[in-house]
Every structure is written in structure tokens, then in C-alpha cells.
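Visitor: Please take me through the helix packing in this model, slowly and in detail. I would also like to hear about any unusual backbone spots.

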Amino acid sequence: MTWFLGGIAFLALGYFTYGKFVERLIPPDDRATPCVAHPDGVDCVPLPKWKNMLIQLLNIAGVGPVIGVILGIKFGKVALLIIPVGCVFMGAVHDFFAGMISMRSNGANMPRMVREHLGSAYAAVFGWIMMAALLLCVTVFINTPATLIDRQWFPEVSVFWWSVVLIFAYYVAATLFPIDAIIGRFYPIFGALLVLGTLAISVALVAAGFAHPEILNDCAGFASYQATNPLFPCLFVTIACGIISGFHATQSPIVARTCRSEREARATFFGMMIAEGVIAMVWAAAALAIYNLKPENLSLTGPLVLGNIARHFLGPWMGGVTVVAIVVLAITSGDTALRSARLSLAEELKVDQVNVGKRILTCLPLAAVVVGLLAWSNRDAKSFGHLWNYFAWMNQLLSTSMLFAATVWLLRLGRGRKALVTLLPGVFMCLVITTFILWASPEKGQVWGLVPGGLPMPAALAGAALVTAVAVFCVLRAGRAARPTEG
């Protein structure tokens, strides 16, 4: 219980201390934001601060801080330490700069930010990886809530594919309509469900933890999982959103276009990542408890464990409400993932998005790819596992790219050593993701990596160190270029 409550206290302290320090690196001023300078009635629409904060939280807090930590806690309760530390010093910093750079670049999407700061050659490859990650994300965030709906409320008859159709139809509508028509209107309702579900599981968990402290100790069944999944780098790939997530850098520009003042940035971007860290802590501790109480859950998939947690701690009725909250988390990230994919594709192809017909044409090929991924991922449980793993490592490649782009931005603004705020977490994540894709292979129970059979861990670490050193050299060289006008 000490690790759990201490971690949440650390998150709160981090917002009020380190968050203010990071904000002072790029002090907000009174310059016109994108929705004030260039309103378009579709994507650049002024919204109130409280609504922007809520949209940002629901955008970024998908199933990652729930399903990801249900899997990630199998590394042991050390995850309850790594989540808050990583969230403050990496994830919240990442989200803040993604939002601020976009805001000062007229609402630029992530591909343009990467191209302007890391170069066209890297951006050409990066754009395809980002689009693949977004479409994988949309697929996961259709698949998971549909599974939860199917298993939670209709155990006797399958409604999975009906749920898929309805969720996907909502996603398409949410990405085509102006942001204030659907997302801005329904997110307050979704947010209320999220708060209710998170508070309910928190209260039940704390009560159970004080009554039976042993349920928050490491479970003996974790040993077999840890034997095939080393803490570094696998923990930071498995917990794809609770610590840091490149997916957030694709979402922050959506809200950067609706903020009426730069002074909203710390609360909206840094603060909402801290809130996601709290959500991750709650579900990590709940998963730790259920694995100790009912070890048979160790062999189940994340969505099934999630449902069992809700029913065990809250009973069938309130447990159902909590599952609704998690369905909301997934749906309110999937819709904006598809919206971000549309905006990024349109930006790269220079297709105007004010006209609804052009929005539909831009969305059609994206929808077709998602349909194909859904068909593949639902062939069996193994296919879905691969879907999640591919999304997870691509997601962290995005976070590395965003942190390096932010470092170049800071260096070009003359921030010097203060750019270490983004460079150091960028270096760490570069080591994580490069080590993983050099080491991983199906023979090790992972997805395909870059090397058939995967390198031994020492060789993967050495290769990752070399790649990271080259990346840092390129970032520092790019940072010596002329200062950007938007700074």
C-alpha cells in the first residue's frame, strides 16, 4: 500500500514542481493560438479550458494505462515505482512539448514537427511508421471495447461483431464532423463515467489493501513471465501509455488547435498525463491484487482480467459501470486516433479538410486498412497479442522521435543545457526501443524484430548504444541550425 499511495503522491508533487520548471523553459505568452489566429470551424475551434483538459485526458488515456499495466505489473510491484517516476520525467514532458510545439506551429501534426526538426529523410520513414501505429491503435481500440461489451453484458450470445460495427461507425462520424459537434459535446458525459469508474475501483482497492496488505505484494506466478520478458526493455514497451506514449504526440495537436491561450498548456498537456499516471497506478495495483487473490488470472488476456477485477472488487452492478468507463477510455482514444490519421494524411498530401467531401475521401483508405486489421486480429488470441505488441513498440518509437524533435526545437531556441529535459528521456527511450527490436523474435515469445531469431541481450544492448549515440549526434547537429520563427 505504501508503494501505491506514495506513487500517487509523487505524481501530484511532480505536477506542481517539475511541471512548473518545464513550463518556465518555454514561458507562455499572449500570442494568438491556432484557433484564434486561423479558425476553420472544423478542427481549429476555440473551446473552454476545462473541455480541452477533458478532451486531452480522454484522447490519451486509452486502454494503454489499463490493459498495458495489467500486463506490466507482472514485472513486479517495482512497476508502482517506475510508473510515477517515468510519467513525471518522461511522459508528461513529452506531452507538454508535443502540445506547445504544435501550438506555436499553427497546429502542426506530428509528421510536420518531425520533418521540420529531424529532417525530411527521417520524416519520410517516420510518417509511414506513425500511420501504421495510428491504424493499429484504432484497431486495438475497436477490438478491446467490443470484447468487453461482448463478455461483460452478453455472456450467453455473442454481440462482438455488432459492437465492432457500432464503434467503428462512431469513429468515422467523430473524425468527419467538426470537433465541437461530437467530441466536444459528448466528452463531458464520457468524462463523468471515467471519473466514477476510477474512483469506485480506487476506494474498493484501498479498503481491500488496508484489510489485507499482502495482496499488494509480488505474486509467485510472476516468475515465469519475468523469465521470458526482461524488465529492460520489455516493461517500457508493455506499459505503452502509463509511463510514456508516442501516441500522445499524435493527439496533443488536436487539442493544441482548440486552446484559446498558451497559458492552458501546463494543465492541459503536462497535467492530463499526470492524471493518466494516476489511472495507471490504480489499475496496476488492482491487477497486482487480483493476481494474488486469483492466480488463474495470470493465464488470461488483459481485457478478461480487467472484467474480473471490476466484478471482484465492485460486484456485478458497479463492476459493470467500471467496465463502461474502460470502454469509454478506449473509444475516446480510438476516435481521435482515426481523426489524427486523417489530419496527418491530409497534411502530407496537402488535401484541404474544410470540405466534407474531401474529408470523406481522405478517411476511406484509412477505414479500409482498419477493416483488414480487424479481420486479421480476430482470427485467434495470438493474432491479437501480436497486434498489441506491434502497436506498443511502434508507439514508443514515436515517443523517441517526439522527444528528439523537442530537443532540436529547444536547442534552436538557445536553451542550451536546459534541452537535457527532453534529450535525456529521448536517449533512454531510444535505448529501450532499439534494444527491444534487436532482441525480440517469435522464438522468445515476442513479435518479429529486426534480426531473425533476435540478438542475445548483451549484443542487443551494444547495438542499441551505438544507434543511440549516432541519434544523439544527429540531434545535436540539427540543433545548431537557425532558430525557428515559431519560437
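Guide: What follows is a walk through helix pairs, then single residues and backbone geometry.

This is a predicted model, in which local features need pLDDT of at least 70, side-chain atom pairs count only at pLDDT 80 or more, and totals for chains, interfaces and linings use all residues. Residues are numbered from 1 along each chain as its sequence is written, and side-chain values use heavy atoms, with hydrogens and water left out.

Some terms come up throughout. Helices (H or I, at least four residues) and strands (E, at least two) are DSSP runs, numbered from the N terminus. Axes are lines fitted to C-alpha atoms, for helices over the stretch in contact, and angles run from 0 to 180 degrees between N-to-C directions. Contact means heavy atoms within 4.5 Å.

Start with α1 and α14. Helix α1 covers residues 2-16, and its axis comes within 10 Å of that of α14, crossing at roughly 180°. That makes α1 roughly antiparallel to α14. The cut-offs are these: under 35 degrees is roughly parallel, over 145 roughly antiparallel, 65 to 115 roughly perpendicular, and the rest oblique. From α1, the contact takes in Trp-3, Phe-4, Gly-7, Ile-8, Leu-11, Gly-14, Tyr-15 and Phe-16. From α14 come Arg-266, Ala-267, Phe-270, Gly-271, Ile-274, Gly-277, Val-278, Met-281, Val-282 and Ala-285. By class, the contact of α1 with α14 has 13 nonpolar, 4 polar and 1 charged residues. Here Ala, Val, Leu, Ile, Met, Phe, Trp, Tyr, Cys and Pro count as nonpolar, Asp, Glu, Lys and Arg as charged, and the others, Gly among them, as polar.

Helix α14 (residues 265-293) also packs with α13 (residues 247-256). Their angle is about 130°, with the axes 11 Å apart. The two are therefore oblique to each other. Their crossing is right-handed. A crossing is left-handed if the near helix is turned anticlockwise from the far one by less than a right angle, and right-handed if clockwise. His-248, Ser-252, Val-255 and Ala-256 of α13 meet Thr-268, Phe-269, Met-273 and Glu-276 of α14. Those residues split into 4 nonpolar, 3 polar and 1 charged.

Next, α18 and α19. Residues 420-439 form α18 and residues 457-478 form α19. They pack at about 140°, with axes 8 Å apart. That makes α18 oblique to α19. The crossing of α18 past α19 is right-handed. On the α18 side, the contact residues are Leu-423, Val-427, Cys-430, Leu-431, Thr-434, Thr-435, Leu-438 and Trp-439. Among their partners in α19 are Met-457, Ala-460, Leu-461, Gly-463 and Ala-464. The contact has 15 nonpolar, 4 polar and no charged residues.

Now α6, residues 79-103. It bends by about 50° at Cys-87. The bend at a residue is the angle between axes fitted to the seven residues ending there and the seven starting there. Of the 25 residues in α6, 22 are buried. Buried means under 20% relative accessible area, exposed over 50%, and partly exposed in between (1.4 Å probe, protein chains only).

Some single residues are worth a look. Arg-359 sits in α16. Arg-359 is buried, at 5% relative accessible area. Beyond neighbours within four places in sequence, Arg-359 contacts Val-42, Leu-176, Pro-178, Arg-342, Gln-353 and Val-354. Val-140 belongs to α8 (residues 120-153). Val-140 counts as buried, at 0% relative accessibility. The C-alpha atoms of Val-140 and Gly-334 are 8.1 Å apart, with their positions 194 residues apart along the chain. Ser-163 lies in α9 (residues 160-176). Ser-163 is buried too, at 8%. Ser-163 touches Ala-146 and Ile-149, with residues up to four places away in sequence not counted.

Finally, the backbone. Most residues other than glycine have a negative phi, and most peptide bonds are trans. Phe-232 and Pro-233 are joined by a cis peptide bond, with omega about 10°. Pro-233 is part of α12 (residues 231-238). Asn-106 has a positive phi, near 60°. Asn-106 lies in the loop between α6 and α7, and is partly exposed at 42%. Lys-350 also has a positive phi near 60°. Lys-350 lies in the loop between α15 and α16, and is exposed at 73%.
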